[in-house]
Amino acid sequence: MSDDHVDGNALAGDLREIFAVDLTVATGQCAGCGHKGSVATLRVYRNAPGIVARCPHCEEVVLRVVRAPGRAWLDLRGTISLEIPLPS
């Protein structure tokens, strides 16, 4: 087994750059049906514990956002991938 890795702190710069952009223009792929579309096209339901976003094609849950004072949880298990355009 190789020891050529570093800990997750090495992701800080890349993740800060990615999460500092408007994610509604990102293209996501639904894990349920494979449909690809922008986050802005998801069907969003606010009458749940948090915010639930469903695929406009198959209605599967694609992502969830739950907020509390001083923190937030982002669940993307219904998303295969999220392509995020970055500023040049």
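These are my notebook entries on a sheet, a nonpolar core and some cysteines in a predicted model.

**Sheet.** I looked up the strand order first and found an open sheet of 3 strands, ordered 2-1-7, in which the pairing is antiparallel. I noted strand 2 (36–38) and strand 7 (79–83) as the edge strands, each of which pairs on one side only. Direction ignored, I read an average turn of 25° between neighbouring strands of this sheet. I then went to the pairing of strand 1, residues 27–30, with strand 7, and found these antiparallel strands joined by 4 bridges. Within that pairing I followed C30, whose bridge partner in strand 7 is T79.

**Core.** I met C30 again in the largest nonpolar core, which has 8 residues, the others being A26, V39, L42, A53, C55, V62 and L63. I checked how far C30 is covered: it counts as buried because its relative accessibility is 2%, under the 20% cut-off. For V39, also a member of this core, I listed the contacts beyond its neighbours within four places in sequence, and these are L23, T24, A26 and L82.

**Cysteines.** I searched the whole structure for disulfides and found 0. For C30, which is in no disulfide, I recorded the nearest cysteine sulfur as that of C58, 3.7 Å away. Why does C33 make no bond with C58? The closest cysteine sulfur to that of C33 is in C58, and at 3.7 Å it is too far for a bond, because a disulfide needs the sulfur atoms within 2.5 Å. I also entered C33 as partly exposed, since its relative accessible area is 35%.

Methods. Residues numbered from 1 in each chain as written. Predicted model: local features only at pLDDT ≥ 70, side-chain atom pairs only at ≥ 80, totals over all residues. Heavy atoms only, no water. Pairing = 2+ DSSP bridges. Helix = DSSP H or I, 4+ residues; strand = E, 2+ residues; numbered from the N terminus. Axes fitted to C-alpha atoms, helices over the stretch in contact; angles between N-to-C directions. Core = buried A, V, L, I, M, F, W, Y, C linked by side-chain atoms within 4.5 Å. Buried < 20%, exposed > 50% of the residue type's maximum accessible area, 1.4 Å probe, protein only. Contact = heavy atoms within 4.5 Å.
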